[in-house]
Amino acid sequence: MQYSAKVMDHFSNPRNVGEIADADGVGEVGNPTCGDIMKMYLKIDGGRITDVKFKTFGCGAAIATSSIATEMIKGKSVDEALQLSNKAVIEALDGLPPVKVHCSVLAEQAVKAALSDYYRRQGVDPEPIVGKL
Ligand code: FES
Ligand code: FES
């Protein structure tokens with residue numbers, strides 16, 4: 001199995017690791033097959049993601065995909081963050097081995113789960129906006 005230099009970089013030196021105590025949205029997702037868990041914290045101001053942190057209990061690819069996902073949505077609007085796809089995450093990492101594609105799906109879902117929580121806290125039903133998780 002071959003990992004790209006970008007995957008190795010984000011695995012060895014993950015960006016935005018941690019928690020946000022007063023987050024505006026928190027999402028946690030897990031993959032029942034591998035047992036990996038991702039938690040994503042968002043700080044949102046005026047519809048823009050001003051800060052994002054993550055904690056991943058999982059494989060190296062899960063750490064790398066969550067790390068790059070935080071970089072991809074930081075500073076973006078909520079609407080832009082909703083467009084983040086696992087394919088875009090894979091491309092940004094210069095590829096992932098096929099058995100690790102589900103790790104990128106987990107990263108997309110973690111962002112969407114955190115955005116869903118954000119909408120819920122505003123009293124908005126997230127499902128029509130974010131979709132089913
Ligand atoms: Fe433990 Fe893969 S599940 S190393
Ligand atoms: Fe399951 Fe990576 S092996 S998230």
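Start by selecting aspartate 117: at a relative accessible area of 15%, this residue is buried (buried is under 20% relative accessible area, exposed over 50%, partly exposed in between, using a 1.4 Å probe and protein chains only). Keep in mind that this is a predicted model, where local features need pLDDT of at least 70 and side-chain atom pairs count only at pLDDT 80 or more, while totals for chains, interfaces and linings use all residues. Residues are numbered from 1 along each chain as its sequence is written, chains are lettered from A and ligands numbered from 1 in the order in which they are written, and side-chain values use heavy atoms, with hydrogens and water left out.

**Along helix H5**

Now add arginine 121, the salt-bridge partner of aspartate 117, with the closest N and O atoms 3.0 Å apart. A salt bridge here is a side-chain nitrogen of Lys or Arg within 4 Å of a carboxyl oxygen of Asp or Glu. The two residues sit four apart in helix H5, so about one helical turn separates them. Helices are DSSP runs of H or I with at least four residues, strands are E runs of at least two, and both are numbered from the N terminus. Arginine 121 is partly exposed at 47%, whereas aspartate 117 is buried.

Stay in H5, which covers residues 101-121, and pick glutamate 108. Buried or exposed? Glutamate 108 is buried, with a relative accessible area of 17%. Draw a distance from its side chain to the backbone nitrogen of asparagine 86: a polar atom of the glutamate 108 side chain lies 2.7 Å from that nitrogen. If you show neighbours too, leaving out residues up to four places away in sequence, glutamate 108 touches Leu84, Ser85 and Asn86 (contact means heavy atoms within 4.5 Å).

**Over to H1 and H2**

Next, colour helix H1 (residues 5-12) and helix H2 (residues 60-73); their axes come within 8 Å and cross at roughly 90°. The axes are lines fitted to C-alpha atoms, for helices over the stretch in contact, with angles running from 0 to 180 degrees between N-to-C directions. That makes H1 and H2 roughly perpendicular to each other, a label for angles of 65 to 115 degrees, with under 35 roughly parallel, over 145 roughly antiparallel and the rest oblique.

Which residues make the contact? On the H1 side, show Val7, His10 and Phe11; on the H2 side, show Gly60, Ile63, Ala64, Ser67, Ile68 and Glu71. Sorted by type, the contact has five nonpolar residues, three polar and one charged. In this sorting, Ala, Val, Leu, Ile, Met, Phe, Trp, Tyr, Cys and Pro are nonpolar, Asp, Glu, Lys and Arg are charged, and the others, Gly among them, are polar.

While you are in H1, click methionine 8, which is partly exposed at 38%. Its C-alpha is 10.0 Å from that of isoleucine 63, and the two are 55 residues apart in sequence.

**More charged pairs**

Side chains of opposite charge can pair when their charged atoms come close. The model holds 11 salt bridges in total. One of them joins arginine 15 to aspartate 9, with the closest N and O atoms 2.7 Å apart. Arginine 15 is partly exposed at 21%, and aspartate 9 is partly exposed at 32%. Add Glu71 to the selection and you have a network of salt bridges linking Asp9, Arg15 and Glu71.

Then jump to lysine 43, which forms a salt bridge with aspartate 24, the closest N and O atoms being 3.5 Å apart. Lysine 43 lies in strand S2 (residues 37-45) and aspartate 24 in the loop between H1 and strand S1 (25-30), so the pair ties together parts 19 residues apart in sequence. Lysine 43 is partly exposed, at 23%.

**Backbone stops**

Most residues other than glycine have a negative phi. Asparagine 16 is not a glycine, yet its phi is positive, about 60°. Find asparagine 16 in the loop between H1 and S1, where this residue is buried at 17%. Aspartate 94 also has a positive phi, near 60°, and is found in the loop between helix H4 (86-92) and H5.

**Last stop: cysteine 59**

Finish in the loop between strand S3 (48-57) and H2, where cysteine 59 is found. Cysteine 59 is buried at 16% and touches Asp36, Lys100 and Cys103, again not counting residues up to four places away in sequence.

Definitions and conventions. Polar contact = N/O pair within 3.5 Å; in protein donor to acceptor, adjacent residues only side chain to side chain.
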